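Dear colleague,

Please find below the structure that I am handing over to you. I should be grateful if you would keep it open while reading the notes that come after it.

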Amino acid sequence: METIKFARQIADLVQNKKGYDIKILDLRKLSGVADYFVICSADADRQVKAIADEVEEKLSKNGIKCFHKEGYDTLTWVILDYFDVMLHVFKADSRTYYNLEKLWGDAPILPLEEPAEKPKRVTQPKTGTKSKTSKTKKS
């Protein structure tokens, strides 16, 4: 599989677990660390873990093993290293603090297939309440 397709596959798996603000940084001309970083945010420790677990589990089922992982002890920044692609799952405040996008500011950010914005929360109306409507007089 092409490395860019692999990076996009990881981004799709992240999106499936409601990761947001997903970015793919192209490091090929800048570093030998990896070809691509996939970076995403999550709102809670449990979500950071769920995203990392989902990616690792799904890729493992396809015979792709994670070379190295870090951050499971604190769950504020989990890294999954797949040699050519590294996934960085951040809790939102840690992402702001470490700001990898600025650190690797010369790296082009590749477009995703679909926008990976933070999902909007939908609130349901309370059951058993009547909606208030205004009645107008017809003239």
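The notes below go from the overall fold to particular elements and residues.

**Overall fold**

Please bear in mind throughout that this is a predicted model. The protein has 139 residues, of which 37% are buried. Its secondary structure consists of 4 helices and 6 strands, and along the sequence these elements follow the pattern α-β-β-α-β-β-β-α-α-β. Among contacts with a separation of 6 or more, 60% are made by residues 24 or more positions apart. The exposed surface of the protein comes to about 9600 Å², and carbon and sulfur atoms supply 50% of that area.

**Helix α1**

Helix α1 covers residues 3–16, which is 14 residues. At 1.5 Å a residue the helix should span 20 Å, and its end C-alpha atoms are indeed 20 Å apart, so the expected and modelled lengths agree.

The buried residues of α1 are I4, F6, A7, I10, A11, L13 and V14. As general background, an α-helix has 3.6 residues a turn, so residues three or four places apart point the same way. Which elements do the buried residues of α1 pack against? Their partners are the strands β1 (20–26), β2 (36–42), β4 (77–82), β5 (85–91) and β6 (109–110), together with helix α2 (45–61). Just after α1, K18 adopts a positive phi of about 70°.

One residue of helix α2 also deserves mention in connection with α1. E54 is found in α2, and E54 counts as buried because its relative accessible area is 15%, where the cut-off is under 20%. Setting aside neighbours within four places in sequence, E54 is in contact with L13 and K17; L13 is one of the buried residues of α1.

**Aromatic residues**

The structure holds 7 aromatic pairs. One of them joins F6 and Y82 in an edge-to-face arrangement, with 5.7 Å centre to centre and 85° between the planes. This pair links distant parts of the chain, since F6 belongs to helix α1 and Y82 to strand β4, 76 residues apart. Are the two partners buried or exposed? F6 is buried, with a relative accessible area of 9%, and Y82 is buried as well, at 6%.

In addition, W77, F90, Y97 and Y98 form one aromatic cluster. A charged side chain also meets an aromatic ring: K69 lies over the face of Y72, at 5.6 Å from the ring centre.

**Strands β3, β4 and β5**

Strand β4 is mostly covered, with 5 of its 6 residues buried. It pairs with strands on either count below.

- With β3 (residues 68–70), β4 pairs in the antiparallel sense over 3 bridges. K69 stands opposite L80 of β4. The two strands form a hairpin with 6 residues between them, and G71 in the turn has a positive phi of about 100°.
- With β5, β4 is joined by 6 bridges, and these strands also run antiparallel. The bridge partner of Y82 in β5 is V85. Here the hairpin has 2 residues between the strands, and F83 in the turn shows a positive phi of about 65°.

Y82 therefore has two roles to note in the model: an aromatic pair with F6 and, because of the bridge in β5, a partner in V85.

**Backbone angles to inspect**

Most residues other than glycine have a negative phi, and most peptide bonds are trans. Against that background, two loop residues may be picked out.

L75 has a positive phi of about 60° although it is not a glycine. L75 lies in the loop between β3 and β4. L75 counts as buried because its relative accessibility is 15%.

N99 is likewise a residue other than glycine with a positive phi, near 45°. N99 is found in the loop between α3 (92–98) and α4 (100–103). At 30% relative accessibility, N99 counts as partly exposed.

With kind regards

Methods:
Residues numbered from 1 in each chain as written. Predicted model: local features only at pLDDT ≥ 70, side-chain atom pairs only at ≥ 80, totals over all residues. Heavy atoms only, no water. Expected span 1.5 Å × (residues − 1). Buried < 20%, exposed > 50% of the residue type's maximum accessible area, 1.4 Å probe, protein only. Contact = heavy atoms within 4.5 Å. Phe/Tyr/Trp six-rings, centres within 6.5 Å; stacked < 30°, edge-to-face > 60°. Lys NZ or Arg CZ within 6 Å of the ring centre and 35° of its normal. Pairing = 2+ DSSP bridges. Areas by Shrake-Rupley, 256 points an atom, 1.4 Å probe, with all protein chains shown as cover.
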